[in-house]
Amino acid sequence: MLLGIDVGGTFTDAVIIADGRIMASGKTPTTHSALLNGIVTALDKVLAGLDASRIKRVALSTTIVTNALIEGTTDKAALLLMAGPGLNLTGLVPASPYFLSGYTDHRGREQAAPDRTEVAAACRELSGTAVAAVAGKFAVRNPLQEQLVAGWVAEELNPACISLGAQVSGSLNYLRRINSAYYNAAVWRIFSRFAAAMETALTERGLIAPVYILKADGGTLPLAAAKARPVEAVFTGPAASVLGIMALAAPAGPAVSLDIGGTTTDIALWQHGVPLLAPGGAAVNGYPTAIRSFWLRSVGIGGDSYVRRENGSLAVGPMRRGPAMSNGGTEPAVADALRVAGLIDYGNPALARQAMASVAADGQTPEDAAWATLRVATGVVSRTIRAMLTEQAEKPVYKVEDIIAGEVYQPELVIGVGGAALGLAPLVAEQLELPWQVPPGYMVANAVGAASARSTTEITLRADTAQGFYTVPELGIKRPVDKKNFTLQQAWAAAAVHLGERAAAGGMAEAAAHSERIYEEEFNVIRGFTTIGKIMTCRLQATPGVLMPVRVREAGV
């Protein structure tokens with residue numbers, strides 16, 4: 001049995017899946033002031049009457065990291081950079097960095113050594129800082145300086161956590177690596193406390209199965225590995241919904257998916273049965289990072305979105321003032337409109353009419369106000385989808401084959417999941433003039449996605465045969481190679497070995513059995529009109545996705 005838990009902005013859901021079927025599910029309000037309380041309540045609901053020892057795997061998608069970043073409750077991390085000459089990072093990183101001397105060039109050759117006295121002076125100024133991040137410009141091609149400086153910082157500052165840029169990401173983009181390392185350190189203590197509390201809660205309920213955390217790209221990390229790379233747990237809620245759709249009703253053709261929750265609607269675009277990925281990586285608080293993520297947009301429209309009149313006009317969201325009046329709240333919300341319009345059959349109908357009457361214009365009936373509310377809400381979602389389609393159509397083209405054989409992206413289906421999907425998804429589809437689908441299990445699709453997600457990890461191998469070595473920055477590895485005979489095929493073979501090593505070290509050895517090549521580069525090194533070697537880059541990852549399609553029991557959810 002697989003246990004999945006999704007901590008959303010409004011509800012915390014849990015499901016148990018066995019043999020590709022949802023065997024049990026539970027839903028409870030998310031307790032923002034004490035997140036673990038809601039998780040434990042959902043856990044107890046779904047485990048009622050079951051032997052916990054039969055659970056073989058637990059997977060979580062949690063807003064703990066995202067909320068901390070949005071609310072500004074993360075730690076302020078010490079940021080020490082070896083940027084080398086000629087690079088101005090002013091305003092481009094989320095903290096005031098300390099620039100250190102010492103750098104390597106683009107081929108990983110040390111051009112200036114780091115200075116320990118500089119590091120010691122910076123640490124004296126940073127005394128008391130709980131966490132730190134260190135990033136060198138070309139550390140992905142030679143991580144030794146990052147590792148040396150991190151060792152000095154550990155001795156001089158003694159922080160609880162030091163994030164290294166090359167270990168958080170093997171990508172060459174320095175700015176994205178800096179920001180990734182910084183946020184990894186900034187959320188480390190919050191995530192560590194959450195992980196410890198979660199482990200205690202599971203142990204107290206007799207759950208001894210391995211625990212995984214969902215990543216933004218739809219893969220999962222063992223909880224132990226996630227403690228070292230907590231920044232990868234950002235944006236896991238939207239990723240869970242994408243995986244839930246993949247498990248419940250993966251679209252064969254181009255499609256738009258909507259996860260319509262209580263507070264927001266998360267939108268993803270699909271092509272060839274898989275969701276599109278964010279180019280380069282996710283942005284956190286407006287700063288680009290190297291965190292691999294689905295390409296998503298989130299708008300403040302959900303079942304509990306606040307409905308009111310502003311200067312005579314009807315306004316919906318993005319804020320939430322508790323549940324809809326028909327569900328025990330005190331303010332009108334979208335769910336009230338859905339109830340009055342007859343699109344959902346739960347909630348108190350009299351209170352829903354009262355809610356819509358309170359926002360009706362002169363001469364409008366509650367039904368008129370309900371449909372006006374729904375037109376405003378679905379208009380926001382539809383405009384966002386159209387903007388995404390325009391952005392997709394205008395994306396840069398880098399290869400001739402993309403010009404010759406490039407496909408015009410045109411969705412053919414709208415798929416809705418989440419609590420308000422049955423009411424709102426058909427209306428959005430109508431505005432887009434597309435067919436729609438709300439699959440069975442849509443109410444707990446995110447928890448289904450968490451439960452069924454595969455484990456993933458990735459590595460980057462860069463070889464410089466002119467210098468005679470390759471590096472794997474995520475593992476801090478630098479190995480010699482045969483200068484004359486090392487080939488790209490051998491580079492890929494070595495990358496596969498190291499991916500297996502990283503997967504095994506993270507407790508997910510089986511994940512490396514399904515891998516995909518996500519980047520390849522090879523070019524000659526020329527000196528004096530003679531080729532003296534090659535530089536090769538290979539990036540390999542255990543493929544994200546779901547373990548199996550999931551169906552709903554006939555008498556189930």
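Q: What is the relative accessible area of R109 in this predicted model?
A: Keep in mind that this is a predicted model. Buried would need a value under 20%, and exposed one over 50%. R109 falls in between and is partly exposed, with a relative accessible area of 28%.

Q: Which residue does R109 meet in a salt bridge?
A: Side chains of opposite charge can pair when their charged atoms come close. Here the N to O distance is 2.8 Å, and a salt bridge needs a distance within 4 Å. The partner counts as buried, at 11% relative accessibility. The residue that R109 meets is D105.

Q: How many residues apart in the chain are D464 and R107?
A: D464 and R107 form a salt bridge, their closest N and O atoms being 3.1 Å apart. D464 sits in strand β23 (residues 458–464), while R107 is in the loop between β7 (103–104) and β8 (110–112). This pair links distant parts of the chain, and its separation is 357 residues.

Q: Is the R107 side of that pair buried or exposed?
A: Start with the partner: D464 counts as buried at 0% relative accessibility. The cut-off for buried is under 20%. R107 has a relative accessible area of 8%, so R107 is buried.

Q: Which residues are linked with E232 in a network of salt bridges?
A: One step of the network is the salt bridge between E232 and R229, at 2.8 Å from N to O. Both of these residues are buried. The whole structure has a count of 19 salt bridges. Linked with E232 in the network are K215, D217, R229, R292 and E516.

Q: What is the volume of the largest cavity?
A: A search of the whole structure turns up three cavities of 30 Å³ or more. The largest one is lined by 19 residues, and the closest to its centre are V168, E232, A290, R292 and E458. E232 and R292 from that list also belong to the salt-bridge network. The volume of the largest cavity is about 200 Å³.

Q: How many disulfides does a search of the whole structure find?
A: A disulfide needs two cysteine sulfur atoms within 2.5 Å. Take C123: its closest cysteine sulfur, in C161, is 14 Å away, so that gap is too far for a bond. C123 also counts as buried, at 3% relative accessibility. Over the whole structure, the number of disulfides found is zero.

Q: Which helix gives the most to the largest nonpolar core?
A: In soluble globular proteins, nonpolar side chains tend to be buried together. The largest core here has 74 residues, and L258, I385, L424 and V448 touch the most other members. Nine of the core residues come from one helix, covering residues 366–393, and that helix is α12.

Q: How many residues are in the second, separate core?
A: I385, from the largest core, touches V256, L258, I267, V428 and L432, leaving out residues up to four places away in sequence. The second core is separate and includes I39, A52, L81 and A216. Its size is 65 residues.

Q: What is the relative accessible area of I267?
A: I267 lies in strand β14 (residues 265–271). Setting aside residues up to four places away in sequence, its contacts are V256, S257, L258, W295, L296, R297, V381, T384, I385 and M388. I267 is buried, with a relative accessible area of 0%.

Q: What distance separates the C-alpha atoms of I267 and A209?
A: Along the chain, I267 and A209 are 58 residues apart. In space, their C-alpha atoms are separated by 32 Å.

Q: How far apart in space are W492 and L540, C-alpha to C-alpha?
A: W492 is in helix α16 (residues 488–505) and is buried, at 6% relative accessible area. Its contacts, leaving aside neighbours within four places in sequence, are R517, Y519, E520, C538, R539 and L540. C538 from that list counts as buried too, at 0% relative accessibility. W492 and L540 are 48 residues apart in sequence, yet their C-alpha distance is 8.2 Å.

Q: Which residues does S241 touch, not counting residues up to four places away in sequence?
A: S241 has its place in helix α9 (residues 236–249). S241 counts as buried, at 4% relative accessibility. With residues up to four places away in sequence left out, S241 touches D259 and N446.

Methods. Residues are numbered from 1 along each chain as its sequence is written. This is a predicted model: local features need pLDDT of at least 70, side-chain atom pairs count only at pLDDT 80 or more; totals for chains, interfaces and linings use all residues. Side-chain values use heavy atoms; hydrogens and water are left out. Buried means under 20% relative accessible area, exposed over 50%, partly exposed in between (1.4 Å probe, protein chains only). A salt bridge is a side-chain nitrogen of Lys or Arg within 4 Å of a carboxyl oxygen of Asp or Glu. Helices (H or I, at least four residues) and strands (E, at least two) are DSSP runs, numbered from the N terminus. A nonpolar core is a set of buried Ala, Val, Leu, Ile, Met, Phe, Trp, Tyr and Cys residues joined through side-chain atoms within 4.5 Å. Contact means heavy atoms within 4.5 Å. On a 1 Å grid over the protein atoms alone, a cavity is a set of points where a 1.4 Å probe fits but cannot get out, and a pocket is an open set with protein on both sides within 12 Å along at least five of seven lines; lining residues have an atom within 4 Å of a point. Grid points are joined across faces, edges and corners, and a volume is the space filled by probe spheres set on the points.
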